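Visitor: Hello! I am new to this structure and would like a close look at one part of it. Could you take me to a place where two helices pack together, and then show me what else there is to see?

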Amino acid sequence: MKADAMFHVKHPDVVDVLVIGAGHAGAECAWAAARRGARVRLLTQNLDTIAKMSCNPAIGGIGKGHLVREIDALNGIMPRAADASALQYRVLNRRKGPAVRATRAQCDRRLYQMHVRHLLDAHPNIGLHQATARQLVFDGDQVVGVVDELGMLHQARAVVLTTGTFLGGLIHIGESKFPAGRFGDAAVDSLTDELYHREFRLGRLKTGTPPRLDRRSIRWDELESQPGDPDAWPFSMQVSSLPRDQLACAVTRTNERTHEIIRENLHRSPMYSGEIRSTGPRYCPSIEDKVVRFPEKSGHQIFLEPEGRDHEEIYPNGVSTSLPLDVQWAFIRSIEGLEQARIIRPGYAIEYDYVDPTELQPSLETKKIRGLFHAGQINGTTGYEEAAAQGLLAGINAAARALDLESWVPDRSEAYLGVMVDDLVTRGVMEPYRMFTSRAEFRLHLREDNAEMRLGEHAIRLDLYDEERIRWHERRRERIERAMHEVRTAFVGTGAGWRERLAALGLPVPPQGMPLASYYHRPDVRSDKVLQLIDGAASLEPRERASLLAMIHYEGYLDKQQQDIERFRKLEGHRIPEHFDFASVQGLSIECRQRLSECRPRTLGQAARIPGVTPAAISSLMLHLHGERA
Amino acid sequence: MPSTIAALATAPGRSGIGVIRISGERALPVARSLCRRREGFPPRMAVLSPWYDEAREVLDTGLVLYFPAPHSYTGEDVVELHGHGSPVMLRAVLNRLYALGCRPAQPGEFTRRAVLNGKMNLAQAEAVAACIDAATVRAGKQAQLHLAGAFGRKLESIMDHLTGHVAHLEACLDFSDDDLPELDIPGLRERLDRDVCDPIRRLVQSASFGMRLFDGASIAIIGAPNVGKSSLLNALSGIDRAIVSDLPGTTRDVLEVDFEIEGIPVRLADTAGLRETMDSIEREGIRRAKEAAETADVVVFVADATRPDTWPVPEEADMCLMNKADLSPDASWPEGFLSISARTGQGLDRFRSELAARIVDLDLSGEDLFVTSERHRFLLARALAELEQGMERLDGESLDLVAAHWRQAYDALAEILGFGDVESILDRIFSRFCIGK
């Protein structure tokens with residue numbers, strides 16, 4: 001549709017980037033685009049629900065924590081807001097290897113929102129606007145703006161859709177269902193039709209949330225308490241200390257009685273009555289799913305998580321459900337410590353529309369419409385961190401589109417963000433996509449401790465850092481590199497001086513002199529104390545020391561991984577022309593041809609990762625692209 | 001677009017029939033031009049037709065067989081021309097095909113295309129070469145087994161188990177201790193050893209036998225002049241190959257005879273007797289004898305029971321035979337000699353079985369599936385090493401490294417079947433092929 005006279009009113013300002021939705025993806029997107037110099041308008045149905053944590057009040061986790069660190073390295077807002085509102089930090093996978101070690105924080109839901117709102121308000125390039133988007137406006141294959149439900153036209157050079165669960169949102173609680181984007185908020189329907197018109201492939205996904213409990217109705221004394229970890233690292237490199245008074249969570253379990261109540265009422269769950277047919281996240285099952293799928297288990301763990309310091313709401317992690325309200329009350333009260341618990345919000349399931357992410361380029365711009373970007377749950381992902389990371393990338397690239405700046409996409413060897421985006425646009429999704437470390441083939445390199453070293457230079461080039469942060473970054477890099485050089489050349493000796501030094505640290509004297517890394521790997525050593533043998537390590541902070549230790553710990557492995565990375569980049573370097581005709585390649589099966597034509601990979605490496613595309617097909621493609629070999 | 005290729009598929013030289021194979025998108029139009037035929041050829045039916053040169057004169061008359069894609073050897077359109085086996089005329093037909101737009105096939109290019117088009121995996125493609133190279137029936141049958149995919153299926157079943165264990169480990173890395181029960185390390189170790197390591201170990205061991213099946217073994221017979229080396233060669237091979245006489249120094253060059261032991265092709269070399277001599281031809285023969293002994297897998301030293309001066313054992317000897325034992329019943333020679341008589345056949349069966357045991361580990365001959373190529377053995381051994389390194393780390397505090405090793409192991413196995421860095425593997429393998437396959 002042309003931007004013609006059917007609108008009552010035009011917004012007086014044309015913006016560079018218009019962001020629809022102010023959840024975790026939308027907020028991060030607006031912020032990143034603004035940092036690059038774009039004038040941004042953030043359109044949301046309700047200015048009071050910006051960056052709301054619709055489900056659990058926690059940021060981070062395994063894989064997710066890695067994403068948050070990358071967002072921080074790109075100067076995003078999630079890590080700052082999480083640190084500013086954290087109630088408790090936990091270090092996960094402490095003893096499984098530095099690469100999979102991850103941080104998770106319980107956050108104060110209201111404080112978190114406040115901080116995000118505050119950051120957005122304070123940025124001169126960002127304008128907030130309360131309205132519900134109704135219709136996209138096109139000029140040919142280019143998006144030029146959005147009309148809201150009051151008929152106001154918002155003109156923009158680029159539009160980012162971050163619709164979360166709001167597109168066609170439908171809530172189920174037992175036998176009742178009603179349209180909503182979140183409990184208490186209206187769904188948005190008309191945008192879906194717009195996308196259908198433009199022949200986007202759409203689908204339905206499902207997610208769910210547990211009932212919330214009144215803190216005062218829980219018998220805390222009877223429950224095991226789970227305190228925070230005092231030695232966790234804050235998410236943001238700008239923050240150096242944790243809150244002193246971390247709140248504890250409590251742990252309880254479901255029991256046979258709970259399971260009996262659930263089993264007796266399964267027919268009333270929309271998941272089992274056939275009411276909901278869309279796919280939910282396999283890794284975050286509802287309690288009724290757990291009871292059905294693991295009948296041999298007599299109990300499932302529940303974490304009782306506070307939603308804030310002066311909050312009476314408790315989030316029972318592990319009992320997401322769409323059972324009817326009376327069943328929710330009954331099974332909650334069958335659980336130890338919750339015998340008198342009061343539900344203050346019901347648990348529910350929600351179905352929503354998503355757009356097949358293979359419709360997107362790696363920059364998150366749609367292939368069909370120039371200037372239109374998608375980020376977050378609309379791309380079939382689940383999780384705040386996944387959404388925020390995509391929002392950030394969409395913001396960077398929407399600003400690039402609007403202002404004719406450099407666009408940027410990290411590759412799989414640089415960041416979890418790169419792994420996620422490549423997975424999404426190459427493989428599509430069959431169920432809500434969650435970040436896992438096992439999705440990263442270069443996992444040993446993609447760690448929480450080195451996120452800024454991996455991405456800092458990109459952030460500077462993309463104008464995401466201010467002067468102060470650039471100075472910080474450069475000083476940090478210099479410090480770490482100096483210490484790393486020292487590690488590489490350090491040699492543990494056996495002379496009197498060494499014997500004294502080692503004894504002071506309680507470390508054994510080696511049988512003969514050897515490089516520091518070899519010394520560390522001796523079964524009688526394997527201690528972090530070796531870092532104290534490095535002069536440069538003294539000036540490092542804990543996160544930087546972790547990088548140094550990882551380098552020693554992964555001695556040999558990282559070099560090998562670097563070779564793999566170079567091989568990978570070589571294949572990524574074989575670019576496929578934009579309008580390449582995959583049908584013209586001989587020797588491809590019909591299936592391969594179809595998949596390639598659908599996904600339209602940009603590099604040979606990406607083509608190789610498309611499911612159903614065989615290595616043999618890649619060889620044919622390579623032959624074809626490079627002309628036949630003699 | 002890959003071009004259409006043509007090559008002689010049968011051995012070069014005069015023969016009853018010569019087969020030319022054409023593969024590629026233009027195979028059918030080229031065949032029609034050659035036959036000056038307006039209509040196409042029916043799929044998979046032999047059609048007798050004259051073949052013409054550009055002057056419209058008949059070059060040959062033969063069968064034309066058309067296999068439309070994808071149901072052909074290469075997965076592309078294939079035409080086979082079965083003509084008379086004159087090398088000159090077959091060359092002329094090929095030149096005509098080149099003029100019509102085909103290009104000569106590279107060695108192994110037909111099979112390479114079959115792999116690229118998913119008609120077979122890499123291990124099967126290698127079996128094609130093995131089928132052609134098989135020198136004994138046992139080797140040929142083993143190659144058939146590989147061609148039919150038995151080796152690939154065995155690998156896939158191992159990889160399947162490995163995937164299960166890797167997935168289990170990955171779950172432990174991606175879900176925190178809060179969500180999952182503790183990893184059962186002894187159990188994991190035991191299952192991995194049973195389902196993955198052990199089958200791989202047996203495959204690696206089988207390679208010593210399997211590779212001998214194709215590579216064969218060479219045996220050199222050495223000893224003083226006139227101890228009966230040539231008689232032994234004749235007796236073992238069952239043919240009157242070497243000239244035997246009472247004159248010392250009868251054998252001057254190296255004489256070779258092929259036979260098989262346990263289905264393994266064996267090349268036996270009879271050499272000139274070692275002695276000081278002024279005869280320059282015999283001296284050259286002795287030099288060659290020493291060379292043969294240096295390169296042989298097994299060096300058999302033969303002595304004469306009636307002549308103690310022939311008994312001192314040279315250091316290169318792997319086995320020692322005392323020939324003409326029937327002529328010296330008191331057996332006064334030192335230990336370590338196996339008594340035989342090339343004349344009566346006494347002791348030869350025992351020699352054969354001891355020789356076989358030297359060549360291969362006979363405990364393995366009962367296995368039905370062998371690893372038959374060095375590439376496979378190498379990758380299997382690498383996979384095993386990665387698995388074991390991972391196992392060593394299971395108790396430590398870095399399960400992420402265990403996973404890294406096991407993934408490498410998986411990649412090594414996948415490389416055998418041709419998943420992975422395909423181009424480089426393909427190049428390495430297909431350089432071994434002769435043209436036409």
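Guide: Happy to. A helix axis here is a line fitted to C-alpha atoms over the stretch in contact, and the angle between two axes runs from 0 to 180 degrees between their N-to-C directions. Please keep in mind that this is a predicted model.

With that in hand, look at chain A. Helix 13 of chain A, residues 467–489, and helix 16 of chain A have axes that come within 10 Å and cross at roughly 30°. Angles under 35 degrees count as roughly parallel, and that makes helix 13 of chain A roughly parallel to helix 16 of chain A. Their crossing is right-handed. On the side of helix 13 of chain A, the contact is made by A:Arg476, A:Arg479, A:Ile480, A:Ala483, A:Met484 and A:Val487. Helix 16 of chain A answers with A:Glu544, A:Ser547, A:Leu548, A:Met551 and A:Ile552. Sorted by kind, the residues of this contact are 7 nonpolar, 1 polar and 3 charged.

Now for the surroundings. The domain assignment splits chain A into domain 1 (9–206 + 352–461), domain 2 (467–560) and domain 3 (574–625). Between the C-alpha centres of domain 2 of chain A and domain 3 of chain A there are 46 Å.

Leading up to helix 16 of chain A is a loop that starts after helix 15 (516–520), and A:Arg526 lies in this loop. A:Arg526 has a phi near 40°, a positive value in a residue other than glycine. Most residues other than glycine have a negative phi. A:Arg526 counts as partly exposed because it has 14 C-beta neighbours inside 10 Å.

A:Glu199 is another residue to visit for its backbone. Its phi is positive, about 60°, although A:Glu199 is not a glycine. You will find A:Glu199 in the loop between helix 5 (190–197) and strand 13 (202–209) of chain A. With 9 other C-beta atoms within 10 Å, A:Glu199 is exposed.

Next, follow chain A to helix 20, residues 615–625, where A:Leu625 has its place. A:Leu625 has 15 C-beta neighbours inside 10 Å, so it counts as partly exposed. Setting aside neighbours within four places in sequence, A:Leu625 is in contact with A:His574 and A:Ile576. A:Val585 is 40 residues from A:Leu625 in sequence, and their C-alpha atoms are 9.0 Å apart in space. A:His626 lies in the segment after helix 20 of chain A. A:His626 counts as exposed, with 10 C-beta neighbours inside 10 Å. A:His574 comes up again here: the C-alpha atoms of A:His626 and A:His574 are separated by 9.3 Å, while their positions lie 52 residues apart along the chain as a separation in sequence.

Let us cross over to chain B for a second helix pair. Helix 6 of chain B and helix 12 of chain B pack at about 160°, with axes 10 Å apart. Angles over 145 degrees count as roughly antiparallel, and these two helices are therefore roughly antiparallel to each other. The crossing of helix 6 of chain B and helix 12 of chain B is left-handed. Helix 6 of chain B brings residues including B:Leu155, B:Met159, B:Leu162 and B:Val166 to the contact. Among those from helix 12 of chain B are B:Val402, B:Trp406, B:Tyr410 and B:Leu413. The residues of this contact divide into 18 nonpolar, 2 polar and 3 charged.

The domain assignment of chain B gives domain 1 (5–121), domain 2 (127–213 + 373–417) and domain 3 (216–363). The centres of domain 1 and domain 2 of chain B, taken over C-alpha atoms, are 41 Å apart. One more backbone feature belongs to this chain: a cis peptide bond, with omega about 0°, joins B:Ala69 and B:Pro70. B:Pro70 lies in the loop between strand 4 (58–67) and strand 5 (78–85) of chain B.

Finally, see how the two chains meet. In chain B, 27 residues are in contact with 29 residues of chain A. Helix 3 (109–116), helix 6 (150–174), helix 12 (399–417) and helix 13 (422–430) of chain B each give two or more residues to that side. Helix 12 of chain B provides the largest share, 4 residues. The side of chain B that touches chain A is made up of 11 nonpolar, 7 polar and 9 charged residues.

Notes:
Residues numbered from 1 in each chain as written. Chains lettered and ligands numbered in written order. Predicted model: local features only at pLDDT ≥ 70, side-chain atom pairs only at ≥ 80, totals over all residues. Contact = placed C-beta atoms within 7 Å. Nonpolar A, V, L, I, M, F, W, Y, C, P; charged D, E, K, R; others polar. Domains from an automatic or database assignment. Buried ≥ 20, exposed ≤ 12 C-beta atoms within 10 Å, placed from the backbone. Parallel < 35°, antiparallel > 145°, perpendicular 65-115°, else oblique. Left-handed = near helix turned anticlockwise from the far one by under 90°.
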